[in-house]
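Please consider the model shown below together with its sequence. A report on its fold, salt bridges, surface and principal pocket is requested.

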Amino acid sequence: MLGSWSATIDPIQLADQGARLAGELPIKGMSRLVEMCLDDEGIVRVDLEFARGSPEGLRVMRGTLDARVHLTCQRCMGRMTAELHARPQVVLLRPGEREDLLAEGDAVVIERPVTVGALVEDELLLEMPMVPMHPPEECPAAPQGPHPAAPAGTRP
């Protein structure tokens, strides 16, 4: 169970213990994420499992993070809601351990304990849309109908 977004954890120790963190965290405690949003409303549903995985006994973190945030649509400049769904699956390493895995991009080095909020926030930031926009059928500024085409039988 989660305590609060500022609770400090050691992901490697949690993996050694086979722990699971599940619960909800307020978005308002995640300053980097809030900076990209219109407001600090909402929660993140967290379900993370820490374990020893694979035949090699590597420590892993995997699970789901789900949040709903309010952003500015870059097409119409109106308010929009974005669903963020992160499915992290990361190998957890101590400094100097299995550096060959770092090049593959599926591993992170844990040098010291981290806050639950920072860990969750990092994963959600990776899911933020680069250019947030309503779906075309919902956006007031999206072109409606078929795109203009050259008259039939003509060539450019």
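The report below treats the fold, the charged pairs, a surface patch and the largest pocket in turn.

**Basis of the values**

The model is a predicted one, in which local features need pLDDT of at least 70 and side-chain atom pairs count only at pLDDT 80 or more, whereas totals for chains, interfaces and linings use all residues. Residues are numbered from 1 along each chain as its sequence is written, and side-chain values use heavy atoms, with hydrogens and water left out.

**Fold and burial**

The protein contains three helices and eight strands. Both kinds of element are DSSP runs numbered from the N terminus: helices are H or I runs of at least four residues, and strands are E runs of at least two. Their order along the sequence is β-α-β-α-β-β-β-β-β-β-α.

Of the 156 residues, 36% count as buried. Here buried denotes under 20% relative accessible area, exposed denotes over 50%, and partly exposed covers the range in between, with a 1.4 Å probe and protein chains only. Helix α3 is mostly covered, with seven of its ten residues buried; these are Val116, Gly117, Leu119, Val120, Glu121, Glu123 and Leu124.

Strand β2 includes alanine 22, which is partly exposed at a relative accessible area of 23%. Its C-alpha atom is separated by 9.5 Å from that of threonine 64, although the two residues are 42 residues apart along the chain.

**Salt bridges**

Side chains of opposite charge can pair when their charged atoms come close. The structure holds twelve salt bridges, each defined as a side-chain nitrogen of Lys or Arg within 4 Å of a carboxyl oxygen of Asp or Glu. Among them are the three pairs tabulated here.

| Acidic residue | Basic residue | N to O distance |
|---|---|---|
| Aspartate 47 | Arginine 20 | 2.6 Å |
| Glutamate 121 | Arginine 32 | 3.0 Å |
| Aspartate 66 | Arginine 87 | 3.2 Å |

The salt bridge between aspartate 47 and arginine 20 has an N to O distance of 2.6 Å. Aspartate 47 belongs to strand β3 (residues 43–53) and arginine 20 to strand β2 (residues 20–26), so this pair ties together parts that are 27 residues apart in sequence. Aspartate 47 is partly exposed, at 26% relative accessibility, while arginine 20 is exposed, at 52%.

Glutamate 121 and arginine 32 form a salt bridge through their side chains. This pair links distant parts of the chain, 89 residues apart: glutamate 121 is in helix α3 (residues 116–125) and arginine 32 in helix α2 (residues 31–35). Glutamate 121 is buried, with a relative accessibility of 5%, whereas arginine 32 is partly exposed at 38%.

Aspartate 66 and arginine 87 are likewise joined by a salt bridge. Here too the pair links distant parts of the chain, 21 residues apart, with aspartate 66 in strand β4 (residues 58–72) and arginine 87 in the loop between β5 (79–86) and β6 (89–93). Arginine 87 is partly exposed, at 47% relative accessibility.

In addition, Asp16, Arg52, Arg59 and Glu97 are linked in a network of salt bridges.

**Nonpolar surface patch**

Met130, Val131 and Met133 form a nonpolar patch on the surface, and together they present about 350 Å² of accessible area. Patches are made of residues with over 30% relative accessible area and no salt bridge; like charges are joined within 9 Å, and nonpolar side chains (Val, Leu, Ile, Met, Phe, Trp, Tyr) within 5 Å. Accessible areas follow the Shrake-Rupley method with a 1.4 Å probe, and for residues only the protein chains shown count as cover. Methionine 133 is located in the segment after α3 and is partly exposed at 36% relative accessibility.

**Largest pocket**

The largest pocket has a volume of about 310 Å³. Of the 15 residues that line this pocket, Val108, Ile110, Val114, Leu119 and Asp122 are the closest to its centre. The elements giving two or more residues to the lining are β6, β7 (107–109) and α3, and the largest share, four residues, comes from α3.

On a 1 Å grid over the protein atoms alone, a pocket is an open set of points with protein on both sides within 12 Å along at least five of seven lines, where a 1.4 Å probe fits; lining residues have an atom within 4 Å of a point. Grid points are joined across faces, edges and corners, and the volume is the space filled by probe spheres set on the points.

The lining divides into eleven nonpolar, no polar and four charged residues. In this division Ala, Val, Leu, Ile, Met, Phe, Trp, Tyr, Cys and Pro count as nonpolar, Asp, Glu, Lys and Arg as charged, and the others, Gly among them, as polar.

Valine 108 lies in strand β7 and is partly exposed, with a relative accessible area of 35%. Valine 108 and valine 60 are 9.9 Å apart in space, C-alpha to C-alpha, and 48 residues apart in sequence.
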